[in-house]
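These notebook entries record what I looked up in one structure, entry by entry. The coordinates come from a predicted model.

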Amino acid sequence: MLARAPCPRSGRNKGTRATPLAIVYHGTSRSNFRAIMEGNLKVPDGRSVKHVTDDGFFGRGIYTTTDPRLAFAYAKDAIVFACLALPGRQYKATQKRDRGVPKKAGYDSHLGYEGDGAPQLVFFDTDQVLPCYLVDQRNHTRAHAALERAVKVVAEKTGNARPSDGIPKNRSGRR
């Protein structure tokens with residue numbers, strides 16, 4: 001079940017806990033829309049699916065952000081996917097150390113920051129990201145509100161954490 005994916009704990013609280021659902025955005029070219037709608041977002045393999053802009057600054061995976069402005073900057077046609085995601089245990093990635101690498105062992109996703117502090121969440125499994133809406137600059141706030149309502153219902157029904165419980169908005173950790 002999407003909302004109850006286990007997330008390992010360490011230290012005195014060993015065991016597992018539910019991972020927060022995150023609302024994220026994925027910017028891409030319109031030419032990719034049909035493939036994404038029919039088969040979900042795919043992890044780049046270097047052959048059939050490639051990174052468009054580089055070899056993956058924070059790892060070789062599916063790039064998303066909690067900041068729709070960053071997703072719109074990557075979108076070639078000013079339309080992005082609004083998604084629900086399961087980031088799980090996040091590895092703090094850097095461009096210098098993690099460019100083009102696979103997922104760090106023991107982690108579920110990578111979290112890196114653009115120069116302006118905008119977060120990028122990198123996923124390494126298609127099942128961690130669910131595209132829900134195609135949005136543009138005019139309607140992305142309505143889609144975000146709908147996804148927040150969905151996350152709230154899931155949190156209430158499952159006792160799961162809310163997105164704000166684990167995903168910072170920027171490098172400083174402020175929302």
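**Entry 1. Asn40**

I looked up the accessibility of Asn40 and found a relative accessible area of 19%, so the residue counts as buried, the cut-off being under 20%. I then located Asn40 in the loop between H1 and E4. Its backbone deserved a note: Asn40 has a positive phi of about 75 degrees, although it is not a glycine. I set beside this the general rule that most residues other than glycine have a negative phi.

**Entry 2. Strand E8**

Is strand E8 enclosed or open to the outside? I checked residues 119–123 and found five of the five buried, so the strand is largely enclosed by the rest of the structure. I next sorted the side chains by direction. Pro119, Leu121 and Phe123 point one way from E8, while Gln120 and Val122 point the other way. Each of these residues is buried, whichever way it points. This fits the general pattern that side chains in a regular strand alternate between the two faces of the sheet.

**Entry 3. The partners of E8**

I then asked which strands pair with E8. Strand E4 (residues 62–64) pairs with E8 in the antiparallel sense, over three bridges. Strand E7 (residues 109–113) also pairs with E8 in the antiparallel sense, here over five bridges. For individual positions I noted that Leu121 of E8 is the bridge partner of Thr64 and also stands opposite Leu111. Val122 in E8 has Tyr63 opposite.

These pairings belong to an open sheet of four strands, which I recorded in the order E4-E8-E7-E6, with mixed pairing. Its edge strands are E4 and strand E6 (90–92), each of which pairs on one side only. From one strand to the next, the twist averages 30 degrees.

**Entry 4. The three-stranded sheet**

I traced another open sheet, of three strands, in the order E3-E5-E9 with antiparallel pairing. E3 and strand E9 (129–135) stand at its edges with a single partner strand each, so one side of each is left without a neighbour in the sheet. Neighbouring strands are turned by 30 degrees against each other on average, direction ignored. Between E5 and E9 I found six bridges in the antiparallel sense. Within E9, Leu130 stands opposite Leu84.

**Entry 5. The nonpolar cores**

Which residues touch the most other members of the largest nonpolar core? I found Val24, Leu41, Cys83, Phe123 and Val129, out of 15 residues in that core. At least two residues of this core come from each of strand E3 (22–27), helix H1 (33–39), strand E5 (80–85), E7 and E8. E5 supplies the largest share, three residues. Apart from this core lies another, of 14 residues, and I noted Ile23, Ala71, Ala75 and Val80 among them.

**Entry 6. Cys83 and Cys132**

I returned to Cys83 and listed its contacts, leaving aside neighbours within four places in sequence. The list holds Ala22, Ile23, Val24, Leu41, Val129, Leu130, Pro131, Cys132 and Leu147. The relative accessibility of Cys83 is 0%, and the residue therefore counts as buried.

With Cys132 in that contact list, I asked how many disulfides the structure holds. The structure holds zero. Cys83 is in no disulfide, and the nearest cysteine sulfur, that of Cys132, is 6.6 Å away. Cys132 likewise is in no disulfide, with the sulfur of Cys83 as the nearest cysteine sulfur. For reference, the cut-off for a disulfide is sulfur atoms within 2.5 Å. Cys132 has a relative accessible area of 32% and is partly exposed, whereas Cys83 is buried.

**Entry 7. Aromatic pairs**

Last, I looked for paired aromatic rings and found two pairs in the structure. I recorded one of them in detail, that of Phe33 and Phe81. The ring centres are 5.5 Å apart and the planes stand at 85 degrees, so the pair is edge-to-face. Phe33 lies in helix H1 and Phe81 in strand E5, so the pair ties together parts that are 48 residues apart in sequence. Both Phe33 and Phe81 are buried.

Technical notes: Residues numbered from 1 in each chain as written. Predicted model: local features only at pLDDT ≥ 70, side-chain atom pairs only at ≥ 80, totals over all residues. Heavy atoms only, no water. Buried < 20%, exposed > 50% of the residue type's maximum accessible area, 1.4 Å probe, protein only. Pairing = 2+ DSSP bridges. Axes fitted to C-alpha atoms, helices over the stretch in contact; angles between N-to-C directions. Core = buried A, V, L, I, M, F, W, Y, C linked by side-chain atoms within 4.5 Å. Contact = heavy atoms within 4.5 Å. Phe/Tyr/Trp six-rings, centres within 6.5 Å; stacked < 30°, edge-to-face > 60°.
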